[in-house]
Amino acid sequence: MTKIRYINILLVAISTLSSYGRSGFRVTISESLEDYLKSVYQIQIEKDFARVKDVVEILGVKTSSVISALKKLSENGLVDYEKYSYIKLTQAGLMQASLLFEKHNSVKTFLEAVLYIESSKADELAHGLEHHLNQELLTKMEAVTRFFAENPDLLKKMQTYVDDYEKESQVTLDRQKSGNVYRVEAVRGDPELKRRLLSMGVLPGTEISLEAIAPLGDPIEIKVRGYRLSLRKEEARAIVVERI
């Protein structure tokens with residue numbers, strides 16, 4: 001089980017993030033619109049206002065997509081925008097965007113400080129995860145981050161445990177002995193290799209009997225779902241297993 005799978009298990013709660021428009025009623029915006037809103041916020045805290053081309057540069061999207069998103073945000077009372085003019089967040093938009101920004105930073109800090117994921121990767125993961133966190137789960141993540149910041153010795157023990165667990169869990173079929181039965185935990189590798197193995201019936205959760213290994217370790221004979229298969233060492237290396 002990798003760090004990413006740990007994160008997916010930990011962040012399993014899913015909720016819809018809401019904002020408040022000019023009318024005071026709750027409106028729901030999509031994940032995509034949240035990204036546009038947050039990008040306007042990032043620009044505005046530096047320049048006081050944003051322009052369409054600024055948002056295009058940050059998000060790497062087409063001008064037409066930005067204009068369409070801004071119209072929707074304007075309709076929801078989150079930005080003030082008219083064609084060919086500057087973009088500014090409304091008070092409601094400023095509040096919503098600041099919450100999104102804080103959420104992103106909290107998630108990124110958790111991933112970096114607690115799960116010690118490299119900064120750029122943590123930023124990328126936080127960008128995807130922030131859309132699916134309710135306030136309760138976010139608060140608990142922040143509490144965990146603070147707890148470990150105040151207890152660095154415990155953090156070090158936890159990180160050592162995770163490292164050891166990852167090493168133990170990444171047991172691949174090419175390193176095993178014949179005569180044993182294994183359960184497939186994961187199939188990894190490039191898409192073509194993974195597709196080939198899955199089509200052979202090597203699926204996560206299935207049992208594999210390692211029948212024989214050639215003297216040089218290639219090929220490897222296995223039995224899966226009643227069928228005998230011959231795998232190249234490269235293919236066996238892509239199969240993560242657990243001995244039964």
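1. Helices, such as the one that holds D54, are taken here as DSSP runs of H or I with at least four residues, and they are numbered from the N terminus. The structure under review is a predicted model, and the points below should be read with that in mind. In this numbering D54 belongs to helix α3, which covers residues 52–59.

2. D54 deserves a careful look, since the residue is an aspartate placed inside the helix α3. Is D54 buried or exposed? With a relative accessible area of 6%, D54 is buried, because the cut-off for that class is under 20%. Once the neighbours within four places in sequence are set aside, the contacts of D54 are with I43 and K47.

3. D54 shares its buried state with V52, V55 and V56, the other buried residues listed for α3. Against which helices do the buried residues of α3 pack? Their packing partners are α2, spanning 31–47, and α4, spanning 63–75. Just after α3 comes G60, whose phi is positive at about 65°.

4. The largest nonpolar core has 23 residues, and within this core L37, L70, L73 and I87 touch the most other members. The elements that contribute two or more residues to this core are α2, α3, α4 and α5, the last of these covering 91–113. Helix α2 provides the largest share, namely six residues. Apart from this core lies another, of 18 residues, which includes Y182, L193, L197 and V241.

5. I87 can be followed individually, with residues up to four places away in sequence left out of the count. Among the residues that I87 touches are V40, Q44, F49, A50 and R51, together with V52 and V55; of these, V52 and V55 are also buried residues of α3. The same list for I87 continues with L70, V79, D80 and Y81.

6. Two residues that are not glycines have a positive phi, and a colleague checking the backbone may wish to view them together. D48 has a phi of about 80° and sits in the loop between α2 and α3; this residue counts as exposed, because its relative accessibility of 55% is over the 50% cut-off. Y116 has a phi of about 40° and is found in the loop between α5 and α6, where α6 spans 119–129. With a relative accessible area of 24%, Y116 is partly exposed.

7. Strand β5, residues 181–187, takes part in two antiparallel pairings. Three bridges join β5 to β6, which covers residues 207–213, and in this pairing R183 stands opposite E207. Over how many bridges does β5 pair with β9? The pairing of β5 with β9, residues 239–243, runs over five bridges, and here V187 has I239 as its bridge partner.

8. M200 lies in the loop between α9, which spans 191–199, and β6. Its relative accessibility of 29% makes M200 partly exposed, because that value falls between the cut-offs of 20% and 50%. Beyond its neighbours within four places in sequence, M200 is in contact with V224, L229, L231 and E235. For one of these contacts, L229, the separation from M200 is 29 residues in sequence, while the C-alpha to C-alpha distance is 8.2 Å.

Methods:
Residues are numbered from 1 along each chain as its sequence is written. This is a predicted model: local features need pLDDT of at least 70, side-chain atom pairs count only at pLDDT 80 or more; totals for chains, interfaces and linings use all residues. Side-chain values use heavy atoms; hydrogens and water are left out. Two strands pair if DSSP finds at least two bridges between them. Buried means under 20% relative accessible area, exposed over 50%, partly exposed in between (1.4 Å probe, protein chains only). Contact means heavy atoms within 4.5 Å. A nonpolar core is a set of buried Ala, Val, Leu, Ile, Met, Phe, Trp, Tyr and Cys residues joined through side-chain atoms within 4.5 Å.
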